[in-house]
Amino acid sequence: MVFRIALHPYKSNQIMIYVLIPLYNRSHQTKKLINQLIAQYDNNFVVIFRDDLSTDDTWKVLTSLNYSFIHYMQSDGDEFWTKSINNCIKYVENSFNLKDDDLLLFLDNDNTLGDGFFKKIVKSNNKQVITTVSIDITDHTILPTAMKIKSYFFGLSEKYGNGIMGKRDFIFNHPKKIICGFDMLVGRGMYFPYSLVKKIGYLDQKCFPQYGSDTEFSCRAKRSGYKLCIDLSNPIYVDPADTGLNPFYKKLSLKDSFMSLFSIRSASHLPMRIRSIFKTYPAYSWVSAIPLTILKILFLTFFFNWFSRRNKIN
């Protein structure tokens, strides 16, 4: 494992943002994100890149950087998203004088940041778990960002980011900048105080190596008394079709659709979905929620993916 460690001076009373970014290939995306981070730097955040032994020129891009606020490391190639995030957190714990109020922020290299992204994060810090609203960069559709559970027994949820609540006018004309009261959050642009990690521990990399760990982590946070919120004033733009073997956002062949049900790199990974129910749903609901969730995933993976041109989760 290779580290680059640079001392980063900052005021002792300043709230710092530690930006955690796992990487695997897609160096073109990483280059764009680095340029955004440099443009927005204002001495209030540190960036931690962790490269999972990419096969393209990602490591070369990282080692060419010479900015004190950008740190990078390389794994042995045996990590998925969750383990990389946890190792980024451990690196921050070992390398900086972390305060309970300092923020940890999850980003991916395909994220495009809005103007003043980090300044808005500092202003909205109030002891909550907050995720930024996610927008599809190709057509500006609001992506699923958070959810409220309507029925655990029937596995029904209202996803913030599609349907009525997904309309852009609703998002950007909402009277409140931050709204709370959700049951689960998606990890794109999620941030929270370090005190939460001290209270509930790291993300569950054993049960959720690639997908699902961010949602399960937010559920544990809620059970520990934290509010789950969305920051409507601070969007990030993503390309969901460029991520993994994902039948919900791009057309797949019949073979790839079947493989997505058992691939760790797929959001429709059936074992992950079942484990998520065991971890986040009450026990009384398992008997019905599990088979209904499986049927829903099969429908979305095969029928919805094949017959719908625009892939959005219903």
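**Helix 3 and two groups of strands**

Let me begin with helix 3, residues 81-95, which has 15 residues and reaches 21 Å from its first C-alpha to its last, close to the 21 Å expected at 1.5 Å a residue; that expected span is 1.5 Å times one less than the number of residues. Helices (H or I, at least four residues) and strands (E, at least two) are DSSP runs, numbered from the N terminus. I should say that this is a predicted model, in which local features need pLDDT of at least 70, side-chain atom pairs count only at pLDDT 80 or more, and totals for chains, interfaces and linings use all residues. Residues are numbered from 1 along each chain as its sequence is written, and side-chain values use heavy atoms, with hydrogens and water left out.

Among the buried residues of helix 3 are Trp 81, Ile 85, Cys 88 and Val 92, where buried means under 20% relative accessible area, exposed over 50%, and partly exposed in between, with a 1.4 Å probe and protein chains only.

Turning to strand 5, residues 103-106, we find Leu 103 and Leu 105 pointing one way and Leu 104 and Phe 106 the other way, and all are buried. Strand 5 pairs in the parallel sense with strand 2, residues 17-23, over four bridges, two strands being paired if DSSP finds at least two bridges between them. Val 19 has Leu 105 as its bridge partner. Strand 5 is also joined by three bridges to strand 12, residues 190-193, and these two run antiparallel, with Phe 192 as the bridge partner of Leu 104.

Finally, there is an open sheet of three strands in the order 9-8-11, with antiparallel pairing.
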